[in-house]
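This report walks through a single protein model, moving from charged pairs to strands, backbone details and surface. Please keep the sequence and the structure open beside the text while reading.

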Amino acid sequence: MRRIHRFYWFSLLGLSGLWLLINAPGLSTLQGFFPWRNLLIQYSGVLGLGVMSLAMLLAVRPVRLEPWLGGLDKMYRLHKWLGIAGLVLSVGHWLLSEAPKWLVRAGLLERPQRGPGPQLEGLEAWLHGLRKPAEGLGEWAFYAAVLLMVLALVRRFPYQRFFQTHRLIAVAYLVLVFHAVVLMRFDYWGTPLGWLMGALMAGGSVAAVWVLLRRVGAQRQVAGEVQSVVRHDRLQVVEVTIALKGRWAGHDAGQFAFVTLHADEGPHPYTITSAWQDDGQITFIIKALGDYTATLAERVQVGDVVRIEGPYGRFNFEGRQRRQIWVGAGIGITPFIARMKALAQQADGREIDLFHTTAVYDPHAIGLLERDAREAGVGLHVLWDERDGLLNAQRIAQAVPQWRDADVWFCGPAGFGQALEQGLQALGLPAERLHRELFQMR
């Protein structure tokens with residue numbers, strides 16, 4: 001999380017610093033409301049489109065950035081933060097542009113007198129001639145982008161509809177790039193700020209076209225056929241094993257993939273539950289958490305043709321500490337199952353304690369988990385909420401006296417993860433020792 005926090009603030013402060021560096025010499029000469037308003041319009045526009053461009057670049061799932069930003073799950077969280085920042089800045093930009101006009105019409109503000117403008121030539125004159133269409137198209141693109149971003153943030157908006165509509169932001173973005181190229185102060189283009197904005201908008205535009213052509217992740221996709229379906233009705237989960245029909249480079253335990261089981265629903269991210277054995281098979285355990293996943297037990301059938309894209313993620317159990325503590329809450333147990341299967345094939349010499357908390361106790365599923373833990377040499381602690389109460393940092397510290405020397409890996413509900421992280425840090429565990437999957441893609 002620290003890496004994406006740093007990237008986020010570095011992006012905002014870096015763009016702000018460049019803008020201030022260029023504009024600082026003239027700030028002392030500004031007098032009156034409208035000169036300041038015009039300057040802030042430029043600032044909000046530069047900053048807003050800058051963070052939108054970064055968000056668009058992250059939308060194409062650049063796997064080369066995973067080691068730097070902590071995995072695709074963290075990159076999607078950063079994408080969300082940048083999108084929200086872009087939304088807020090765009091609204092501010094629009095208000096700076098429109099609100100003074102409302103005040104002038106209401107007689108609360110006097111419109112400034114404009115003298116003859118400077119004589120423009122060449123490219124600057126050509127861009128000036130495009131101001132009217134750039135302003136009109138930019139306004140409508142702003143309305144569309146705001147609507148689409150708000151829908152993306154509304155959890156009740158169905159995932160299927162979100163998947164279908166969210167790519168339209170790429171269209172709005174391309175229009176906003178045109179708006180920015182025409183309306184950004186021409187003298188900015190010859191400065192480091194202009195060079196950076198040009199690079200960001202060029203990269204973001206390429207990414208937007210890639211999104212619209214539906215090429216995101218295309219080179220990491222492979223077809224497959226459902227080989228077996230096992231239902232665990234008590235836990236409301238279904239275990240799907242797929243025989244891959246193309247080249248799969250393999251995966252590490254803890255990684256995930258986007259799986260399209262039904263074309264009308266689109267791809268969903270699921271943690272890979274099986275260790276890679278180079279046998280062309282891959283398994284996912286999927287819990288009924290939404291309208292679509294609740295129907296999978298009935299809809300998915302042996303022989304169904306599916307598509308898998310991946311692998312992604314850096315929840316890879318790497319760390320310097322010889323001791324590890326794992327916490328898998330509910331369906332968050334899946335990456336640990338994959339890791340135990342991998343350790344059963346080849347141990348890594350670490351001492352590991354696995355805490356599995358569950359609201360529903362299924363003896364058969366727990367028996368399979370106990371078998372995997374035994375074969376992997378992992379100490380298993382099963383906590384059934386009804387019988388054992390809730391897990392917290394103090395209980396982990398009591399159960400594992402050497403917890404201060406451990407790396408902690410958590411996968412489960414976000415609220416539980418935050419509480420556990422805060423509790424362990426309060427006890428003295430360094431923040432860099434706790435690794436948490438941010439498995440929310442919107």
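In this predicted model, the side chains of Arg231 and Glu298 form a salt bridge in which the closest N and O atoms are 3.9 Å apart. Arg231 belongs to strand 1 and Glu298 to helix 10 (residues 296–299), so this pair ties together parts that are 67 residues apart in sequence. As for its surroundings, Arg231 is partly exposed, with a relative accessible area of 44%.

A second salt bridge links Glu351 with Arg323, with a distance of 2.6 Å from N to O. Here Glu351 lies in strand 8 (residues 351–358) while Arg323 lies in strand 7, so the pair ties together parts that are 28 residues apart in sequence. The two partners sit in unlike surroundings, for Glu351 is partly exposed at a relative accessible area of 36%, whereas Arg323 is buried at 12%. Beyond the pair itself, salt bridges that share partners join Arg322, Arg323, Glu351 and Asp353 into one network.

A further salt bridge is formed by Arg185 and Asp187, whose closest N and O atoms are 2.7 Å apart. Arg185 is partly exposed, with a relative accessible area of 31%, and Asp187 likewise counts as partly exposed, at 45% relative accessibility. A search of the whole structure finds 17 salt bridges, and the table lists those described here.

| Salt bridge | Closest N to O distance |
|---|---|
| Arg231 and Glu298 | 3.9 Å |
| Glu351 and Arg323 | 2.6 Å |
| Arg185 and Asp187 | 2.7 Å |

**Strands 7, 10 and 11**

Strand 7 also holds Gln324. Is this residue buried or exposed? Gln324 has a relative accessible area of 0%, and because buried means under 20% relative accessible area, Gln324 counts as buried. Gln324 and Glu351 are 27 residues apart in sequence, yet their C-alpha atoms are 6.3 Å apart in space.

Strand 7 (residues 323–329) is joined to strand 10 by 6 bridges, and the two strands run parallel. Within this pairing, Ile325 stands opposite Val408 in strand 10. Strand 10 is in turn joined to strand 11 (residues 434–436) by 3 bridges, again with the strands running parallel, and there Phe410 stands opposite Arg436 in strand 11.

How many of the residues of strand 10 (residues 406–411) are buried? The strand is mostly covered, with 6 of its 6 residues counted as buried. Ala406, Val408 and Phe410 point one way from strand 10, while Asp407, Trp409 and Cys411 point the other way, and all of these residues are buried. Val408, which faces Ile325 of strand 7 in the pairing, and Phe410, which faces Arg436 of strand 11, thus both belong to the set of side chains that point one way from strand 10.

**Backbone details**

The peptide bond from Gly310 to Pro311 is cis, with an omega near -5°, and Pro311 is placed in strand 6 (residues 305–312).

Which residues other than glycine have a positive phi? One of them is Gln236, whose phi is near 55°, and which is found in the loop between strand 1 (221–232) and strand 2 (237–244). Another is Asp278, which is not a glycine and has a positive phi of about 60°; Asp278 is located in the loop between strand 4 (268–271) and strand 5 (281–287). With a relative accessible area of 64%, Asp278 is exposed.

**Surface charge and the whole chain**

On the surface, Arg2, Arg3, Arg6 and Arg314 form a positive patch. Of these residues, Arg2 has its place in helix 1 (residues 2–27).

Taken as a whole, the protein has a secondary structure of 15 helices and 11 strands. The C-alpha atoms fill a box of roughly 85 × 50 × 40 Å, taken along the principal axes. Of the 442 residues of the protein, 46% count as buried, among them Gln324 of strand 7 and the residues of strand 10 described above.

Note on methods:
Residues numbered from 1 in each chain as written. Predicted model: local features only at pLDDT ≥ 70, side-chain atom pairs only at ≥ 80, totals over all residues. Heavy atoms only, no water. Patch = residues over 30% accessible without salt bridge, like charges linked within 9 Å, V, L, I, M, F, W, Y side chains within 5 Å. Areas by Shrake-Rupley, 256 points an atom, 1.4 Å probe, with all protein chains shown as cover. Salt bridge = Lys/Arg side-chain N within 4 Å of Asp/Glu carboxyl O. Lys, Arg positive; Asp, Glu negative; His and termini not counted. Charge placed at Lys NZ, Arg CZ, Asp CG, Glu CD. Helix = DSSP H or I, 4+ residues; strand = E, 2+ residues; numbered from the N terminus. Buried < 20%, exposed > 50% of the residue type's maximum accessible area, 1.4 Å probe, protein only. Pairing = 2+ DSSP bridges.
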